[in-house]
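Here are my notes for you, as numbered points. Please keep the model open while you read them.

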Amino acid sequence: MNKDYVLEMINITKEFPGVKALDNVQLKVKKGTVHALMGENGAGKSTLMKILIGIYTPDSGKIIFDGEELKVSAIKNALDKGISMIHQELSPIPNMTVAENIFLGREPSYKFGWVKAKELEEKTRKLFEKLEIDIDPKAKMSELSIANTQMVEIAKAISYNSKLIIMDEPTSAITEKEVHHLFKIIRSLKQEGVSIIYITHKMDELAQITDEVTVLRDGKYIGTKSSDQITKDELIEMMVGRELNQIFHKQRVEIKEAVLSVKDLCKNGKFENISFEVRKGEIVGIAGLMGSGRTEVLESVFGINPSDSGEIYVHGEKATIRSPRDAIRYGMGLLTEDRKLTGLFLPLSVQDNIITVTIEQYAKGGFLNEKKIQEDCQRLSEQLAIKTPSLQQLIKYLSGGNQQKALIARWLLQDPDILFLDEPTRGIDVGAKSEIYNLIFDLAKKGKAIVVVSSELPEILGLSDRIIVMHDGKKTGELSREEATQERIMELATGELVTSGS
Amino acid sequence: MNSQVSIVNKQEKSKSAVSSKERVSRILHKYGMLMILIALIILMSFLSPTFFTTGNLLNIVRQMSVVGIVAIGVTIVIITTGIDLSSGSVIALVSVVAASFAHPDTYPFFVPILIGLGLGLLTGVINGTIISKAKIAPFIVTLGMMTAARGAALLFSDGRPIGNLSDSFKFIGQGAVFGIPVPIIIFAFVGVVSYILLNKTKFGKYVYAIGGNEQAAIIAGVNVDKYKIFVYGYAGLLSGLAGIILTSRISSGQPTAGVMYELDAIAAAVIGGTSLAGGIGTIGGTIVGALIIGVMNNGLDLLNVSPYWQQILKGVIITVAVFIDSRKNRKS
């Protein structure tokens, strides 16, 4: 046992039906440091963290926390010991106030459980003051933006005065400004001797904020390195187990006639006068900050929330789209932003998740052609390299990247002419990302018209032939692949001039 | 979902990589309630000499067939994350209306049957239409239908039973073919048809998809409204069928028939592993659930246990069943 370490997880093994999620994994975090935990989706990061906070019990292995062997069987337990976690998927209670959310389960109260409302609010105000967060403790959670919701979640984790805070991709939903703010908070926490496990997919955050990095791959421990010594290439190699020369292999594709034209689309309070065109074989990117109306435009064209005015033309003919069913009939497909909320059928099998859009094709005289379904799903599963013990496996047991591939398979089975991809690689590791990019390029080559929405500028720049930039519900510019740079896009996306390098 | 499981088994055999421990837990997972049913039967057979006789066993299934048929409809509703509280009252309404067309020497026997089925279907379609088009919670809509249908039954019959039914109509509830009571044959038929509907057709796939994630189903182009109307319509149709069988068996149309049947049906579905959170449930499970309730009722009667105690026991068993089910889901 080493006194420098606040946490030592040694030889942790955990098996689930059909998958060995963790195989003799170790993680050692030094006191007062930020320790990055990296690895592809399905590498075992989440499982390891869930073991640490007591959601899962390991099959074997030992955890030493703060000099004592740790045996936790519930989250409350972990919190009492001094471990808190900022979860990647936010789970606010929308109808309660910010203060109530933060101190949920430990409200200051009188006897018989009567809550001291004033004190609750005051404690929150103090916490926010310390962290320099500008949010009204009395505001309802449902009124907050996603970024602010994330900040509340961060404040909540800190409010436990933990010795160790786990941050699971804390920057995936916040803007540059809040990221700076978060990093500032992390630095001051470090000075107070708090240790942080920082899970991220973003390479540049590594050098900025972390001290050490541990990499997992396929449930195995690969290594621990000092963050300022490791190069990007080394790290990728550790994570993927192979060298990744270039992520984007953009191929030259002949761009033909327009397949989709959107004219003066308006939706009250969301966006106005949006016009754009997508041509056969073309990949059009839509960039913009969160809340700029990117997703809303896609959802409107796809009929989820139809527009108030404006026109949509498909193959030159005017299309009336009032529901996703209409959109699908016009040959459109939409990979939604939030897999769990609007994409997956969690209780169902991988196969049943893949065939949802196309069931009609397999129905003959009321009955389904199960053999054909299996053949097609098998083919797609191999083509997309979906890692699953069988097609009958419940999709909830798959890693995020494989779930995403299954959702893409759903639309490939439908074979649409126009494909909308909203954050196609959110929360997905480098290896799977690269596979998905290649898939998108292949689809373009086959003559699909593709629209990609993404918060990651390198992704937009690497994929798109043309980039539309939105700000505050308006289209602020359109850039060709040649003209587009990160700086140009940020200028248009923020509605202000940004000096290069920021 | 049996077909899917058999495919899994096939693949497992070819891989032969699954540990025997895991296989045992998987079998327990799938057939747990069936084993409890068998254990109950064995236990009752020891406790009461009259329990394990052909007559008594047929009696149990016959008694449970009415609730069982309702439970099958309710199962499909629950898989879509819905609920149907109106079944019992619909049974009463169908009972009095069908009975009034079933007097001897008036209409042929199929007229009250068709009217009863049509009426059941209608109530279900009304439920489904309001739920999907007006976006009102199924609990509220079917609670409204439960109250309204009961009122309609009392109004139609003036609060009195309607007797004097034709022999051909009474055959449905009281007759037997090759020694097997007709209600059991109908129950089995409904079970098979519903199994096929849920497992072999796109209707079934959509039912599970809607229950698994309604928003995702809408985006995948599923006509969710239409299928919800189908689902509630089917549940209503089965309530109508149950009403006809019950009326025929008790030889009269009763405006007070079917009280609490909806809760027994929901209990059967839940004991059989249907998840109120949606997306999970099987016809086979529900039939086993209904039989567990039936065996308990019958066995406790034979053992002279007071009916009051029986209700308490039933309550405990439902809760324990759900508890086991939730543990099982959490573990995996």
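1. Let's start with residues 308–324 of chain B: this span is 100% helix and 0% strand, and its end C-alpha atoms lie 25 Å apart. Helices here are DSSP runs of H or I with at least four residues, strands are runs of E with at least two, and both are numbered from the N terminus. Please bear in mind that this is a predicted model, in which local features need pLDDT of at least 70 and side-chain atom pairs count only at pLDDT 80 or more, while totals for chains, interfaces and linings use all residues. Residues are numbered from 1 along each chain as its sequence is written, and chains are lettered from A and ligands numbered from 1 in the order in which they are written.

2. The unreviewed UniProt entry lists 308–324 of chain B as "transmembrane region", along with 31–52, 64–97, 109–130, 136–156, 176–198, 229–246 and 266–296. UniProt positions are given in the numbering used here, feature names are shortened, and such annotations may be inferred rather than shown by experiment. In the model, residues 136–156 of chain B are 90% helix and 0% strand, with end C-alpha atoms 28 Å apart.

3. How many residues does each chain give to the contact? Chain A gives 29 residues and chain B gives 26, where contact means that C-beta atoms, placed from the backbone, lie within 7 Å. On the chain A side, helix 10 (324–329), helix 11 (339–342), helix 13 (359–362) and strand 18 (367–368) each give two or more residues. The largest share, 3 residues, comes from helix 10 of chain A. By class, this side of chain A has 16 nonpolar, 8 polar and 5 charged residues. Nonpolar covers Ala, Val, Leu, Ile, Met, Phe, Trp, Tyr, Cys and Pro; charged covers Asp, Glu, Lys and Arg; the others, Gly among them, are polar.

4. Across the interface, have a look at Lys200(B), which lies in helix 8 (residues 182–200) of chain B. Lys200(B) touches Phe367(A) and Leu368(A), leaving aside residues up to four places away in sequence. Lys200(B) counts as partly exposed because it has 16 C-beta neighbours inside 10 Å; 20 or more would make a residue buried and 12 or fewer exposed, with C-beta atoms placed from the backbone.

5. Chain A also holds an open sheet of 6 strands in the order 16-19-20-13-21-22, with mixed pairing. Two strands pair if DSSP finds at least two bridges between them. Strand 16 (332–335) and strand 22 (474–480) of chain A are the edges, each pairing on one side only. Strand 16 and strand 19 of chain A pair in the parallel sense over 4 bridges, with Met332(A) opposite Ile418(A). Strand 19 (residues 418–422) of chain A also runs parallel to strand 20 (residues 449–453) of chain A, joined by 5 bridges.

6. Are the residues on the two faces of strand 16 of chain A buried or exposed? Met332(A) and Leu334(A) on one side, and Gly333(A) and Leu335(A) on the other, are all buried.

7. Finally, the domains of chain A: domain 1 (5–92 + 144–240), domain 2 (253–331 + 416–502) and domain 3 (350–415), with bounds from an automatic or database domain assignment. The centres of domain 1 and domain 2 of chain A, taken over C-alpha atoms, are 33 Å apart. In chain A, 13 residues of domain 1 are in contact with 10 residues of domain 2.

Terms used
Two residues are in contact if their C-beta atoms, placed from the backbone, lie within 7 Å.
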